Amino acid sequence: MTYCCGILMRDGLVMVADTRTNAGLDNISTFRKLHIFEKKGERALMLACAGNLSVTQSVINFLTDGFDNPETGETEYFMSASNMVHAAQIVGRAVRLSRTQANGSAEQAEGVNFDVTLLLGGQIGAPAPRLFMIYSAGNCIECTPDTNYLQIGEHKYGKPILDRAVNFETELYDGLKIGLISMDSTIRSNLSVGLPIDIAVLRRDALSLELSTRIDASDEYFRDLRSRWSKALNEAHLSIPAPPYRDKT
């Protein structure tokens, strides 16, 4: 399992992704799920992946090296996409091709699930940053200012904080802070999501990442954030009056 989220704001775009792929008692593995494709001054793209690891790695390889479009017979290159919609379509075709190859394997005969979901965010040229969720069938939906975030993986634990605290007008690094709180809430409630966390920040019209880094258990800011959020939640519930219903019995 995994948890990744993308938050689209007027100022830009934030992406947060964990790295855990197996959370068995004696078998915890980490793989990067947030991938960066960047040509500074022209385009900056971020792709977060959830689902079958062999399929997502195949997708990344296709996007990095190029692949033949079976409909046109031409080689498609992700970094040659003319706009963000075109980029999302290329990712969708790479997903379909990767799953088609996987479905003929021995693992498919054993009932292995090859479903994947991806978040694609970024900016190409002058148009504002955009954020898409791409499904196993290769189709996609786009994030909008009305609901300005998308999640993949184990999303239910981190959703309440996003619903209550973030909107399209949120300042960029406040959005990152809320995304990290959302990740912390998920880590606390689900063993299959865990550190390290990869984060990336793209400011509108910069056309290059302002921040791309990894947070591990030694990170002082994240440790402080976790402590402060737990304390704030405890203080909040203590400040609310006790339910009066026992007086009505």
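In this predicted model, Lys159 touches Tyr149 and Gln151, leaving aside residues up to four places away in sequence. Lys159 belongs to helix 4, which covers residues 159–165. With a relative accessible area of 33%, Lys159 is partly exposed. Lys159 and Cys5 sit 154 residues apart along the chain, and their C-alpha atoms are separated by 9.5 Å.

Val55 makes for a useful second stop. This residue is part of helix 1, residues 53–65, and is buried, with a relative accessible area of 1%. Val55 touches Ser98, Arg99, Ala102, Phe114 and Val116, again not counting residues up to four places away in sequence. Ser98, Arg99 and Ala102 are also among the buried residues of helix 2. As for Tyr173, 118 residues from Val55 along the chain, the two C-alpha atoms are separated by 32 Å.

Helix 2 itself runs over residues 84–102, and its length checks out: at 1.5 Å a residue, its 19 residues should span 27 Å, and the end C-alpha atoms are indeed 27 Å apart. The N-terminal end of helix 2 is capped by Asn83, which has a side-chain oxygen 3.1 Å from the backbone nitrogen of Val85. The buried residues of helix 2 include Met84, Ile90, Val91 and Arg93.

Arg99 of helix 2 deserves a closer look. Its side chain forms a salt bridge with Asp115, with 2.9 Å between the closest N and O atoms. This pair links distant parts of the chain, as Asp115 lies in the loop between helix 3 (106–109) and strand 9 (116–124), 16 residues from Arg99. Arg99 counts as buried at a relative accessible area of 19%, because the limit for buried is under 20%. Asp115, on the other hand, is partly exposed at 39% relative accessibility.

The model has 16 salt bridges in total. One of them pairs Glu169 with Arg10, the closest N and O atoms being 2.6 Å apart. Glu169 lies in the loop between helix 4 and helix 5, and Arg10 in the loop between strand 1 and strand 2, so this bridge ties together parts that are 159 residues apart in sequence. Glu169 is exposed, at a relative accessible area of 52%, whereas Arg10 is partly exposed, at 41%. Another bridge joins Asp224 and Arg228, at 2.6 Å from N to O. These two are four residues apart in helix 6, which means that about one helical turn separates them. Asp224 is partly exposed at 33%, while Arg228 is exposed at 58%. Salt bridges with shared partners also join Arg32, Asp198 and Arg214 into one network.

Aromatic pairs come to two. Phe37 and Phe78 meet edge-to-face, 5.0 Å from centre to centre and with 80° between the planes. Since Phe37 is in strand 5 and Phe78 in the loop between strand 8 and helix 2, the pair ties together parts that are 41 residues apart in sequence. Both Phe37 and Phe78 are buried. In the other pair, the ring centres of Phe62 and Phe67 are 5.7 Å apart and the planes stand at 55°, so this pair is tilted. Phe62 and Phe67 are buried as well.

Finally, the cysteines: the structure holds zero disulfides. The closest cysteine sulfur to that of Cys4 belongs to Cys49, and at 7.5 Å it is too far for a bond. Cys4 is buried at a relative accessible area of 0%, and Cys49 is buried at 5%.

Key:
Residues are numbered from 1 along each chain as its sequence is written. This is a predicted model: local features need pLDDT of at least 70, side-chain atom pairs count only at pLDDT 80 or more; totals for chains, interfaces and linings use all residues. Side-chain values use heavy atoms; hydrogens and water are left out. The expected span of a helix is 1.5 Å times one less than its number of residues. Buried means under 20% relative accessible area, exposed over 50%, partly exposed in between (1.4 Å probe, protein chains only). A polar contact is a pair of N or O atoms within 3.5 Å; within protein, one must be able to donate a hydrogen and the other to accept it, and residues adjacent in sequence count only if both atoms are side-chain atoms. Rings of Phe, Tyr and Trp (its six-membered ring) pair if their centres lie within 6.5 Å; planes under 30 degrees apart count as stacked, over 60 as edge-to-face and the rest as tilted. Contact means heavy atoms within 4.5 Å. A disulfide is a pair of cysteine sulfur atoms within 2.5 Å. A salt bridge is a side-chain nitrogen of Lys or Arg within 4 Å of a carboxyl oxygen of Asp or Glu.
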